[in-house]
Amino acid sequence: MNLKTICLVLCLSFGLSSCDSPSVSVENPEQVRGISETGGSAAGDLGPPVGEPIIAIITSAPNVPPPIDRDWPAKVIVNLEMREVVMPISEGVDYMFWTFGGTVPGSFIRVRQGDTIEFNLANHPSSKMPHNIDLHAVTGPGGGASSSFTAPGFESQFIFKALNQGLFVYHCATAPVGMHVANGMYGLILVEPPEGLPPVDREYYVMQGEFYTVGRYREKGFQEFDMQKAIEENATYVLLNGSEGALLGDKALRANTGETIRLFVGNGGPNLISSFHVIGEIFDKVYTEGGSHYQENVQTTLIPAGGAAIVEFRTEVPGTLLMVDHSIFRAFNKGALGMIKVDGPENLAIYTGREVDSVYLGDKVNDLSIVAEITNSLFTTGEATIEQQIAAGEALFAGTCSVCHQLDGSGLVAVFPPLAGSDYFLADSTRAIDIILNGLSGPITVNGQLYDSIMPPMSQLNDDEIANILTYALNSWGNDDGRVSPEQVADVRASTERPPGAAQ
């Protein structure tokens, strides 16, 4: 390091306005960045805060605070409250989340490199557990955890300087750490470079995390945390923004054609790596692991547990883009699925296909609130009318069965047998339950026509879901008789031997 560089570092460290070398102005970030090409801690101490303290704007996902509109380091006050809150994890399924700011993921925090952060952490009096916070943006032991242990009804405070630019995870680090994280205690803090990020049309906050419940995926009612599943890394749910459906339907992210989108994507873990992908787009830029440098023209980016990435792309055509963890069973069977709905005129020179539909999305394309309403009724009272079962079954059939058997139950000639007017299907409802649970392969004859295809086992469906699908099929397309109960499905499931690890 030469003499001028040493002098420059000392100027920055002590906030001096002049030295033998030219003064460093925060209006000229290239001078600052010249000390450390990585934008790291050597460049991050831009002197003491200037002006009056600023109360940080923090937001709940998928919203992001506005970009930093200043070119000087400030004292930024972050006020964050920890709450333990019962909220839906899926339709008809409740879970006790431990949260930063009352949401999962926790509130998004946005500061500038060189800022001095006063962090005020409160634990709501209704909490049952102590909590703290470890911010990966902190340079210091524990990331703030040792300074922020907070009992219910108490507050704590610590101060740190944001030395490194980038997108960083924060999470609770109170023992047992994995349990606190698995219950939803994580979020993102963005430390903008001194010159700010390049402007884009839209910014959104998306964070993946997995949950471990005693009950199966979509098993209705209140679900407890399962420590053994968490230790074995056998996630019941893998979710974007804390609940199945948080970014689907009316809650989808929005954009117009020709706009640039920046996604701040985090992975709270606590165990699984995310293979983040947007179906129907290619990332123009990916700031890998939330760092300073970007890769271009990326299809899928790995985000480690406790890591983050910034992805940017430009929308070209209208339609629904799907955000997924491309460890694909997590997307379609554990909930790691979100939508970006893009509006605007078609551009047939780029793409001539049709809108994404139920063939791709499965039951995620439908409003499953009616399914939850019926199955909640079954869970709490043990009763549901046949009309309720038919309504719930119709929504489930459209996403689960219609790709082969078709929405009108007609099947595909010589490929997939019909359910409408089917002598095979209508003859034995117990056999129909067994086929859904265990699958069927080999030749069968339906209405005098030979079919030789494969029905894969669908034992991941709950008893009430199978009962509702079959009740709908037994009373649709001219079929006018029959009803299946969850108890009948449970009996068939219990009598079926399965290899270890198979869905029960």
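# A guided tour from Gly178

Select Gly178 first: its relative accessibility is 40%, so it counts as partly exposed. Gly178 belongs to helix α4. Now add Gly269 to the selection. The two glycines are 91 residues apart in sequence, and their C-alpha atoms lie 9.0 Å apart in space.

**The whole chain**

Zoom out to view the entire chain, bearing in mind that this is a predicted model. Its mean pLDDT is 87, with 85% of the residues at 70 or more. Residues 1-36 should be read with caution: the pLDDT there is below 50, although this stretch has 45 contacts in the model beyond near neighbours in sequence. The chain holds 14 helices and 25 strands. Of its 504 residues, 51% are buried. About 22,200 Å² is exposed by the chain, and carbon and sulfur atoms supply 54% of that area.

**Two cis peptide bonds**

Return to Gly269 and select Pro270 with it. A cis peptide bond joins this pair, with omega about 15°. Pro270 sits in the loop between β14 (260-269) and β15 (274-279). Next, select Ala175 and Pro176, which are also joined by a cis peptide bond; here omega is about -10°. Pro176 is placed in the loop between β8 and α4. As background, most peptide bonds are trans.

**The strands around β2**

Select strand β2, residues 75-90, together with strand β1, residues 54-55; they pair in the parallel sense over two bridges. Ile55 has Ile77 of β2 as its bridge partner. Now add strand β5, residues 116-123, which runs parallel to β2 and is joined to it by eight bridges. Within this pairing, look for Val78, whose bridge partner in β5 is Phe119.

Strand β3 comes next. It pairs with β2 in the antiparallel sense, over eight bridges. Glu84 stands opposite Trp98 in β3. Follow the chain round the hairpin of β2 and β3, where two residues lie between the strands, and stop at Gly92, which takes a positive phi near 80°.

**An open sheet of four strands**

Select β4, β9, β8 and β6. These four strands form an open sheet in that order, with mixed pairing. At its edges are β4 (109-112) and β6 (134-135), each of which pairs on one side only. In the interior of the order, β8 and β9 run antiparallel and are joined by six bridges. One position to highlight is Gly166, which stands opposite Val191 in β9.

**The nonpolar cores**

Show side chains for Ile89, Phe108, Leu167, Leu188, Phe211, Tyr237 and Phe264. These residues have the most contacts inside the largest nonpolar core, which has 31 residues. Among the elements that each supply at least two residues of this core are β3 (93-100), β8 (166-171), α4 (177-182) and β9 (186-192). Then select Ile133, Phe158, Ala162 and Ile189, which are included in a second, separate core of 26 residues.

**Two residues with positive phi**

Which residue in the loop between β10 and β11 (221-223) should be selected next? It is Arg218, which has a positive phi of about 70° although it is not a glycine. Arg218 is counted as buried because its relative accessibility is 7%, and the limit for buried is under 20%.

End the tour at Glu233, in the loop between α5 (227-231) and β12. Glu233 also is not a glycine, yet has a positive phi of about 60°. Is Glu233 buried or partly exposed? Its relative accessibility is 44%, so Glu233 counts as partly exposed.

Note on methods:
Residues numbered from 1 in each chain as written. Heavy atoms only, no water. pLDDT = per-residue confidence, 0-100. Contact = heavy atoms within 4.5 Å. Core = buried A, V, L, I, M, F, W, Y, C linked by side-chain atoms within 4.5 Å. Buried < 20%, exposed > 50% of the residue type's maximum accessible area, 1.4 Å probe, protein only. Pairing = 2+ DSSP bridges. Areas by Shrake-Rupley, 256 points an atom, 1.4 Å probe, with all protein chains shown as cover.
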